[in-house]
Number of protein chains: 2
Amino acid sequence: MLKEAIYHRPEGAWAYPLDVNCLRIRLRAKRGDRIRCRLLHADRYSGEGDESIVDLEKTATDTLFDYYEGVIPTATRRVRYVFYLEDPMGGCWYGEKGIFNNRREAGDFQFAYICHSHLFEIPDWAYDGVVYQIFPERFYNGDPGNDPAEVEPWNKGARPKANSFYGGDLQGIIDQLSYLKELGVNLIYLTPIFKSPSNHKYDTTDYYRIDPHFGDLDTLKKLVDKAHRLGMRVMLDAVINHAGYGFFAFQDVLKNGADSKYADWFYIQEFPVVTEPVPNYETFANDVWTMPKLNMSHPEVAAYFLDMAEYWIKEAGIDGWRLDVANEVDPDFWRAFRKRVKKANPDALIVGEIWHDSGPWLQGDQFDSVMNYLFRDAVMQFFATREIGADVFDAQLAKSRMLYREQALYAMFNLLDSHDTERFLTACGGREERMRLAVLFQMTYLGMPMIYYGDEAGMDGETDPDCRRPMLWRESDRNGELFTLYQALLRIRRQHPALRRGDYRTWYVDPAAGIYGYLRRTEEDCVGVILNNGGGTQTVSLDTHLFGEAPRLHDPL
Amino acid sequence: MLKEAIYHRPEGAWAYPLDVNCLRIRLRAKRGDRIRCRLLHADRYSGEGDESIVDLEKTATDTLFDYYEGVIPTATRRVRYVFYLEDPMGGCWYGEKGIFNNRREAGDFQFAYICHSHLFEIPDWAYDGVVYQIFPERFYNGDPGNDPAEVEPWNKGARPKANSFYGGDLQGIIDQLSYLKELGVNLIYLTPIFKSPSNHKYDTTDYYRIDPHFGDLDTLKKLVDKAHRLGMRVMLDAVINHAGYGFFAFQDVLKNGADSKYADWFYIQEFPVVTEPVPNYETFANDVWTMPKLNMSHPEVAAYFLDMAEYWIKEAGIDGWRLDVANEVDPDFWRAFRKRVKKANPDALIVGEIWHDSGPWLQGDQFDSVMNYLFRDAVMQFFATREIGADVFDAQLAKSRMLYREQALYAMFNLLDSHDTERFLTACGGREERMRLAVLFQMTYLGMPMIYYGDEAGMDGETDPDCRRPMLWRESDRNGELFTLYQALLRIRRQHPALRRGDYRTWYVDPAAGIYGYLRRTEEDCVGVILNNGGGTQTVSLDTHLFGEAPRLHDPL
């Protein structure tokens with residue numbers, strides 16, 4: 001076996017508790033090195049010879065590596081362990097000191113004590129979650145009385161510009177809850193709804209006020225209450241990496257300069273504050289003067305936004321927060337945020353916007369999950385553009401799963417697209433069959449499927465602002481077959497615990513033919529899916545021993 | 001190059017800020033793969049082509065891997081980066097997505113924003129620190145009036161049992177501060193001094209009271225004040241993984257059972273609480289009934305001990321805390337501990353007792369460093385028992401350095417032995433020349449040397465309790481030459497900034513001859529050390545190009 005490929009750490013996604021008496025262990029080895037991997041473990045104060053043995057199972061493979069996993073039960077919460085790795089050439093010990101032929105030289109990895117703060121629980125409902133993302137200005141205009149002064153016509157031909165308004169609002173969402181129920185989603189994520197001059201509202205003027213073009217506190221309460229009655233939950237978007245130019249504290253700094261008691265709430269480079277030729281304060285991205293960056297490491301700022309986060313949970317009964325630009329905010333704040341939010345509502349979900357490897361934020365002390373753009377990257381390349389084959393697709397998915405603990409994987413927002421990307425159908429070059437296959441995959445993969453409003457109606461669009469067109473509601477504008485597919489897949493997902501709570505195993509990979517198969521398994525249920533991402537009709541021979549019992553082959557669609 | 005050996009993560013000791021505009025990056029590759037390693041980096045919102053380039057330098061090698069390091073300067077605190085790795089066979093890109101020939105496929109690693117809580121600063125004085133560990137019951141009896149009822153004779157023949165008392169106390173330490181000053185140390189670490197029935201006092205009865213056999217609050221204040229006047233600092237031992245049986249809260253639980261308001265302060269399995277045949281509550285290690293484990297995840301318990309930690313800093317002016325059994329206590333508590341302690345005294349040092357890989361605790365949010373038992377393991381095997389050669393020794397040291405950020409390395413308590421191990425001289429089988437060489441290494445390595453009381457006097461002893469013999473004070477009992485060596489080495493360490501603040505580079509490794517050489521370098525200063533751990537006189541040819549200028553060879557001893 002290749003020693004340089006062997007990897008483990010007694011922390012992070014490599015060793016983490018499932019509960020106070022149970023530790024999940026992950027090991028990496030070279031792809032194709034056929035290793036029997038055993039784990040010897042004991043209480044860390046016990047002597048040599050007291051170890052129990054656990055066999056690890058190969059659970060995933062990426063381009064370079066195989067991954068093995070297993071579970072250590074422990075009565076005392078104090079664990080030491082060492083791997084014994086065997087291949088046809090012989091065996092070796094892998095412990096804290098490295099890889100050795102001699103057990104004692106290898107030493108033991110230590111998980112010294114499973115503490116309360118090592119635990120990572122996601123809300124139980126998240127396992128069954130299906131997300132629907134709404135950009136409220138563009139979903140439905142339920143109250144023309146609160147429309148902005150100039151709204152553009154809401155029709156299929158609408159091509160929004162960066163500053164267009166169409167009049168969508170919270171009453172519109174209330175009006176269409178039955179539509180969402182019919183579709184089969186159960187978690188509605190709204191992009192920002194607090195007072196702001198823009199249509200996207202990522203530049204907040206007042207974090208304690210619903211934008212008047214969207215409604216007011218009562219409208220939000222009605223929305224949440226009605227959603228709850230229908231068995232759906234509602235999440236809001238917390239934009240606290242930066243505020244809007246109109247935020248009271250920034251306005252105070254503009255007025256009072258260095259004397260403002262809010263001067264330290266931002267990163268001001270010099271006074272007086274100017275916006276031109278470039279802002280002399282830190283902003284979101286580069287020089288976006290409308291979005292001054294907030295100093296979330298400042299205790300007063302942190303306190304302000306912790307209060308805000310709690311307020312909307314308690315006042316409006318929301319079920320969680322999506323966190324904008326989450327990886328540019330102080331992790332210390334997020335730790336406090338999690339404590340405050342989960343105290344206010346232990347069932348609240350916290351999902352960060354991170355487009356990249358999100359390991360550091362998914363240790364159980366910050367977020368429950370992230371918007372899974374790594375999932376989207378793989379799905380885009382396999383289904384939409386067909387740049388990669390089934391083997392690379394499988395490897396990319398495996399690699400992204402192996403970054404995280406199991407808990408986070410089940411809570412992932414698995415998206416095909418969002419308000420920040422081109423529409424998936426557009427990425428497919430309009431080829432609906434490609435999108436249909438991708439949706440089938442999305443609805444049967446590990447984690448929460450996230451539908452961007454209108455995808456189910458066949459909406460297309462280039463990236464922002466074109467991906468934010470007003471929702472198609474007229475029957476004749478909509479793709480009814482696609483909607484039926486979404487409905488059917490979500491019904492199957494509801495029927496099969498394995499699709500919601502099961503593990504994931506690669507089943508069949510044929511890059512030449514474009515065939516990819518996988519299994520989702522619980523103890524009582526098993527679903528196998530075979531995708532033909534190549535062309536025409538193909539015949540495959542399947543190994544069914546991984547099913548608990550002889551499977552019935554059928555096409556529930 | 002071997003792709004499976006390449007490793008980097010945009011977190012931990014692999015990517016960490018030195019300040020808000022500077023990121024230190026580490027990469028691992030296969031040992032001996034002669035790679036030119038370049039880093040392309042830019043603001044994460046800038047486009048392709050905006051990258052600057054940094055060359056990484058090979059800084060360490062362990063058994064399997066070479067390590068490369070470099071520094072990324074950033075004006076905006078938002079960093080994306082990708083490695084370009086080149087060997088004679090060609091080049092490849094290494095980014096978040098993996099290793100590819102195509103730059104775009106590799107993607108970029110992201111250090112999205114250098115936040116306040118990513119920063120890790122150790123007190124500046126720690127770079128110059130030399131620690132002296134005192135077991136107060138055995139150091140010096142300065143006040144026979146406070147002796148326990150039965151003390152054993154304090155002489156060279158003393159062989160302590162687990163429950164022996166000798167009468168050492170805080171007044172004794174005050175009396176001998178001039179001795180410590182003469183030796184050349186500047187940080188005194190006392191094992192526990194709070195009220196407890198044992199001689200070691202790791203079973204605390206009262207965290208707010210100095211043990212009456214050691215003195216009282218005034219004695220401690222005198223000790224700290226006098227030490228400060230002499231330019232020395234004082235650290236105490238925080239034993240809060242567990243309390244003593246006599247601790248008021250545990251006594252209340254014994255008395256009131258489940259009704260005690262302290263019932264949740266411990267891990268009680270059932271009521272009433274019993275100690276026999278085995279305790280029905282969690283304890284330190286296995287069934288040590290005198291040491292009930294504290295529930296440090298409980299907010300009230302945490303608050304109690306945070307107050308305690310602050311109290312001794314404010315009341316007695318101590319300079320830091322050593323944390324007993326630190327890896328079995330909730331990390332969440334340690335995060336709060338660091339904030340509270342550093343607020344009370346920004347110059348306070350926090351050092352955990354962890355015998356193993358301590359990476360998770362040295363991210364800047366918990367400890368400044370640990371008692372470096374990985375250092376001791378390597379030094380024991382190379383100098384004391386000669387089980388390993390210079391090559392393995394060098395690899396072990398490198399591996400242990402590469403676990404941590406640079407800041408933690410400079411604050412390490414590099415020990416040869418402690419109150420929990422056999423004496424180093426005993427491990428050497430009494431061969432003083434082996435110990436002398438180990439001490440030379442300890443005094444010139446990266447991090448704080450920690451001297452266990454009496455080592456400098458030539459004391460020996462098997463493991464606990466034999467390593468806790470009363471200190472030898474009579475001139476005729478002491479090894480004067482060893483003391484002189486310690487003095488001389490500490491003087492050289494004071495004279496050379498490179499030995500205190502310089503980096504570390506392996507210089508010469510000859511396992512057959514037993515020769516090991518290394519360099520310590522700052523911009524202005526460079527010290528090279530060549531150790532002959534073989535036999536007799538040996539001749540070596542040295543490469544001196546790593547010195548800034550032509551070196552003068554001399555033996556300052």
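Which residue follows H6(A), and what is the sign of its phi? A:Gly317 comes directly after this helix, and its phi is positive, near 75 degrees.

## Basis of the model

This is a predicted model, in which local features need pLDDT of at least 70 and side-chain atom pairs count only at pLDDT 80 or more, whereas totals for chains, interfaces and linings use all residues. Residues are numbered from 1 along each chain as its sequence is written, chains are lettered from A in the order in which they are written, and side-chain values use heavy atoms, with hydrogens and water left out.

## Helix H6 of chain A

Helices (H or I, at least four residues) and strands (E, at least two) are DSSP runs numbered from the N terminus. Helix H6 of chain A covers residues 299-316, and its 18 residues should span 26 Å at 1.5 Å a residue (the expected span being 1.5 Å times one less than the number of residues), which agrees with the 25 Å between its end C-alpha atoms.

Among the residues of H6(A) that are buried are A:Tyr304, A:Phe305, A:Met308 and A:Trp312; buried means under 20% relative accessible area, exposed over 50% and partly exposed in between, with a 1.4 Å probe and protein chains only. The buried residues of this helix pack (contact meaning heavy atoms within 4.5 Å) against elements of chain A including helix H4 (217-229), helix H5 (248-256) and helix H7 (331-344).

## Helices H8 and H9 of chain A

The axes of helix H8 (residues 373-384) and helix H9 (residues 390-401) of chain A come within 10 Å and cross at roughly 175 degrees. Because angles over 145 degrees count as roughly antiparallel, H8(A) and H9(A) are roughly antiparallel to each other. In the contact between them, residues of H8(A) including A:Leu374, A:Phe375 and A:Phe382 meet residues of H9(A) including A:Phe393 and A:Leu397.

## Salt bridges

A salt bridge is a side-chain nitrogen of Lys or Arg within 4 Å of a carboxyl oxygen of Asp or Glu, and by this rule the count comes to 90 over all chains. In chain B, B:Arg322 pairs in this way with B:Asp237, the closest N and O atoms being 3.0 Å apart. This pair links distant parts of the chain, with B:Arg322 in strand S16 and B:Asp237 in strand S15, 85 residues apart, and both residues are buried.

B:Glu48 forms a salt bridge with B:Arg104 at 3.2 Å between the closest N and O atoms, and both of these residues are exposed. In chain A, a network of salt bridges links A:Arg24, A:Arg26, A:Glu69 and A:Glu406.

Note on methods. Axes fitted to C-alpha atoms, helices over the stretch in contact; angles between N-to-C directions. Parallel < 35°, antiparallel > 145°, perpendicular 65-115°, else oblique.
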